[in-house]
Amino acid sequence: MTGNFTARKVRVNGIVQGVGFRPFVYQLARRHGLRGEVANTPDGVRIHVEGFCRDIDAFRRDLGEHPPPLAQITEIVDCPDPVDGYTDFSIAASQRHAARSTLISPDVCVCDDCLEELFDPRDRRYRYPFVNCTNCGPRYTIIEDIPYDRPATAMQGFTMCRRCQAEYDDPGDRRFHAQPNACADCGPQVALYDRRRRPVAGDAVETAADLLKRGKIVAVKGLGGFHLAADAANAAVVSRLRKRKNREEKPFALMSYRLADIVRYAVVRAFEQELLTCPQRPIVLLEKRTPNPLCPQVAPGNRYFGVMLPYTPLHYLLLGCGFSALVMTSGNRAHEPLAIENEEAFGRLSDIADYFLVHNRPIVIRSDDSIARIAAGAVRFLRRSRGYVPAPVFLKTKVPPILACGGELKNTVCLSAGNRAFLSQHIGDLENPAAGRFFEETIAHLQRILSIRPEIIACDLHPDYLSSRYARRQTGMRRIGVQHHHAHIASCMAENGIDGPVIGLAFDGTGYGSDGRIWGGEVLIVEGHRFRRAAHLAEVALPGGAAAIREPWRMAVSYLYAAFGNGFRDLALPAIEKIDSWKIDGIVAMIAKKINSPATTSMGRLFDGMAALLGLRDTVSYEGQAAMELEMLAGADRAAAYEYEWTGGDVRVVALAPLVRQVVCDIENGRTAAEISARFHRTLIELFTALCETIRAESGLKRVVLSGGVFQNVRLLSGFVRTLAQKKFDVYTHKKVPANDGGLCLGQLLVAAETAARKRLRCV
Ligand code: ZN
Ligand code: ZN
Ligand code: FE
């Protein structure tokens with residue numbers, strides 16, 4: 001028996017437009033012998049189906065269980081509907097206004113069906129570098145405006161040929177309404193040029209591959225910007241790339257054709273394999289194999305490689321020419337945003353790249369590769385960008401339209417609509433005019449395609465951040481300043497959907513405190529719009545300000561001076577003895593006379609200082625380098641903690657002098673740096689866990705939230721997660737946005753929303 005003939009209405013919300021959802025519904029309904037229609041709505045899609053109960057139930061089940069790969073369903077609601085007497089099933093035309101406020105899909109990697117066509121000599125898209133369908137391809141980086149229709153994308157200049165148009169119009173086709181649909185007859189093309197912009201003869205991709213094999217550097221136009229490509233097994237070319245890019249040691253990202261290539265140079269565990277092969281295709285940090293066939297210049301002094309699989313058909317064609325791995329580093333000069341236009345690339349990259357593999361599909365907005373790793377049993381983002389943006393983070397409650405401007409380094413911005421928080425792609429360090437322009441361009445772009453007009457603007461308290469200055473310039477919006485570490489903890493609370501009060505451990509390099517001083521090793525009690533500083537690291541001098549960040553040896557001197565006074569000059573410390581004594585005199589004088597030596601409670605600087613004290617490095621060529629090396633060096637995890645203490649009652653101060661004295665004692669006794677580093681990590685974990693226990697005893701709080709860039713340290717993160725759980729705390733960590741300043745805007749947004757809600761209540 002099939003039951004009664006009936007009708008039902010089904011509403012599906014989430015990312016269900018531009019991802020082949022309507023054709024999927026169409027085919028599913030037909031398969032189950034149902035009639036009715038499917039239409040786009042402002043929130044998602046609406047389906048009306050008529051048929052026998054049993055068939056409708058089966059349809060409803062398949063709808064939720066096997067959606068198209070790119071769809072992200074947030075809600076399915078269904079209810080009975082009157083039978084209208086449809087004679088077949090159809091796709092209703094989009095209403096123009098309807099597409100506003102729906103979710104736009106991020107860019108995703110080429111799908112298996114398209115890949116098969118790419119390498120099938122009988123297929124009409126054989127070796128066509130822009131093959132795509134509704135299940136795959138570019139989205140965010142080609143959209144100029146909404147509704148998401150071809151004329152509002154980077155494809156507007158390409159008129160579909162007869163065959164492409166037929167696919168586009170056929171609801172039964174994989175390319176029904178695929179906006180970037182194209183083929184070699186009608187779509188974008190690749191071309192190869194030398195650095196003087198002279199075209200190079202022959203097949204562009206194959207010739208580029210030959211040049212790479214001969215040790216040339218090729219700028220390759222990708223999805224969200226240019227990459228600089230080089231053969232990762234060729235030491236000479238990788239060194240040349242470092243020199244030309246002015247990038248001394250920061251690891252280069254790698255791309256390999258398939259997993260089988262990656263496992264030859266890196267360790268790939270099950271979770272990591274899943275992350276590598278997911279359609280977002282982030283760069284995944286993987287432990288190096290030693291020895292490995294790649295040249296050491298790829299990631300000198302680092303235990304990890306950053307590796308991704310190809311994500312565009314062009315990548316597949318290029319990598320398929322027989323490379324075990326290509327360096328694929330972002331096509332920019334140090335600290336500048338990624339180049340995206342051909343002219344721009346020729347201009348800016350011509351003294352770095354030997355050749356340019358370009359194409360004529362414009363990139364509307366740049367989007368850097370995302371970077372993630374598996375740590376403490378979950379995916380951890382170091383950078384959330386291409387592949388994930390603009391998919392929202394869902395909030396627990398609805399909030400007003402807010403623009404949160406983020407911090408200064410690793411900047412991202414965030415816009416809210418209802419219970420959705422849309423984080424931007426990685427914008428980068430706002431230290432130069434180009435990055436500043438990209439920041440404003442991204443805000444305008446996001447507002448346009450998400451159709452959001454913010455009423456509130458949230459920013460960091462630091463008066464000189466470019467993002468804060470931008471916020472001050474805006475009119476017609478209420479401005480709410482949010483303390484940096486408060487925002488870090490709120491960010492982690494937002495993605496975990498929890499309310500305060502909580503104990504927040506906010507550990508990072510730097511952030512403007514409510515007292516105008518430089519914070520960074522903070523224990524905060526956070527409850528929505530407000531927080532209380534419960535504890536922090538003891539203050540030490542930052543001799544020379546920013547110079548102390550670039551030169552960790554200055555921090556070593558600062559901690560030593562704080563612990564021993566001038567007596568530290570008599571200690572037998574090889575790391576200090578090798579530094580010119582006049583330089584140390586200078587630093588000591590700065591600290592003693594408080595000249596250009598602001599006080600800081602920074603956890604990041606403590607790691608830098610330790611690294612320098614152990615002789616790991618005196619100077620760094622990128623932020624966090626010394627701290628990372630200290631982590632990578634750490635030996636067995638069973639190391640005993642040092643003794644620790646804190647003072648004070650209301651706001652506790654963690655003493656650092658005893659820690660520094662014990663470390664010095666270990667150095668003098670000939671203990672290895674690996675052992676000392678392990679003890680240092682262990683001490684922080686036990687110390688702050690004990691602090692949390694004290695706070696719990698006083699307040700009853702048992703939820704601990706971990707945030708801030710220092711939690712990119714895997715040993716620290718997993719140590720805290722384990723130890724706090726053993727002590728029966730509920731521990732919350734970042735899994736959706738970065739723990740570093742790349743996730744800051746989300747916290748700013750949440751705090752601003754709660755501040756606004758509070759004020760409104762008071763008015764009532
Ligand atoms: Zn596809
Ligand atoms: Zn065509
Ligand atoms: Fe921070």
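# Metal sites and sheets of a predicted five-domain chain

Strand S16 (residues 393–399) and strand S18 run antiparallel and are joined by three bridges; strands count as paired if DSSP finds at least two bridges between them. The structure is a predicted model, in which local features need pLDDT of at least 70, side-chain atom pairs count only at pLDDT 80 or more, and totals for chains, interfaces and linings use all residues. Residues are numbered from 1 along each chain as its sequence is written, chains are lettered from A and ligands numbered from 1 in the order in which they are written, and side-chain values use heavy atoms, with hydrogens and water left out. Helices (H or I, at least four residues) and strands (E, at least two) are DSSP runs, numbered from the N terminus.

**Domains**

- The chain is divided into domain 1 (5–99), domain 2 (106–188), domain 3 (190–359), domain 4 (391–482 + 743–764) and domain 5 (536–732), with bounds that come from an automatic or database domain assignment.
- Between domain 3 and domain 4, the C-alpha centres are 33 Å apart.

**The five-stranded sheet**

- An open sheet of five strands has the order S16-S18-S17-S19-S20, with mixed pairing.
- S16 and strand S20 (478–482) are the edge strands, each pairing on one side only.
- From one strand to the next, the twist averages 30°; angles run from 0 to 180 degrees between N-to-C directions, and axes are lines fitted to C-alpha atoms, for helices over the stretch in contact.
- Between S16 and S18, Val-393 stands opposite Ala-421, and Val-399 stands opposite Gly-418.
- Helix H11 (residues 433–450) packs on this sheet and touches S17 and S18, its direction making about 150° with that of S18; contact means heavy atoms within 4.5 Å.
- On its other side in the order, S18 pairs with strand S17 (residues 402–404) in the antiparallel sense over two bridges, and Leu-403 has Leu-415 in S18 as its bridge partner.
- Seven of the 10 residues of S18 (residues 414–423) are buried, so this strand is largely enclosed by the rest of the structure; buried means under 20% relative accessible area, exposed over 50%, and partly exposed in between (1.4 Å probe, protein chains only).
- Helix H12 (residues 466–473) lies across S17, strand S19 (456–460) and S20, and runs at about 150° to S19.

**The ten-stranded sheet**

- A further open sheet is formed by 10 strands in the order S6-S13-S7-S8-S12-S9-S11-S10-S14-S15, again with mixed pairing.
- Its edge strands, S6 and strand S15 (378–383), each pair on one side only.
- The twist here averages 35° from one strand to the next.
- Strand S8 (residues 226–231) runs antiparallel to strand S12 (residues 326–330), with five bridges joining them; Ala-230 has Val-327 as its bridge partner in S12.
- Helix H6 (residues 235–245) packs on the sheet against S8 and S12, and its direction makes about 145° with that of S8.

**The two zinc sites**

- Cys-111 (SG), Cys-114 (SG), Cys-133 (SG) and Cys-136 (SG) coordinate the zinc ion (ligand 1) at 2.3 to 2.4 Å; donors are N, O and S atoms within 2.8 Å of the metal (3.2 Å for Na, K and Ca), and sites may look incomplete, since water is not among the atoms.
- The site of ligand 1 is tetrahedral, with angles of 105 to 118° among its four donor atoms; four donors count as tetrahedral if all angles lie between 85 and 135 degrees, four count as square planar and six as octahedral if opposite donors are over 155 degrees apart and all others between 65 and 115, and anything else is irregular.
- Along the chain, the donors of ligand 1 follow the spacing C-x2-C-x18-C-x2-C.
- Cys-114 lies in helix H3 and Cys-136 in the loop between H3 and H4, so this pair ties together parts that are 22 residues apart in sequence.
- Cys-114 is buried at a relative accessible area of 0%, and Cys-136 counts as buried at 0% relative accessibility.
- The zinc ion (ligand 2) has the protein donors Cys-161 (SG), Cys-164 (SG), Cys-183 (SG) and Cys-186 (SG), 2.2 to 2.3 Å from the ion.
- Angles of 104 to 118° among the four donor atoms make the site of ligand 2 tetrahedral, and its donor residues are spaced C-x2-C-x18-C-x2-C in sequence.
- Cys-161 lies in the loop between helix H3 (112–118) and helix H4 (162–169), and Cys-186 in the loop between H4 and strand S6 (190–194), so the pair ties together parts 25 residues apart in sequence.
- Both Cys-161 and Cys-186 are buried.

**The iron site**

- The iron ion (ligand 3) has the protein donors His-484 (NE2), His-488 (NE2), Asp-508 (OD) and Asp-741 (OD), lying 2.1 to 2.2 Å from the ion.
- Its four donor atoms make angles of 84 to 169°, and the site is irregular.
- The donor residues of the iron ion are spaced H-x3-H-x19-D-x232-D in sequence.
- Distant parts of the chain are linked by His-488 in helix H13 (residues 484–496) and Asp-741 in the loop between strand S29 (730–732) and helix H23 (744–763), 253 residues apart.
- His-488 is buried at a relative accessible area of 1%, and Asp-741 counts as buried at 12% relative accessibility.
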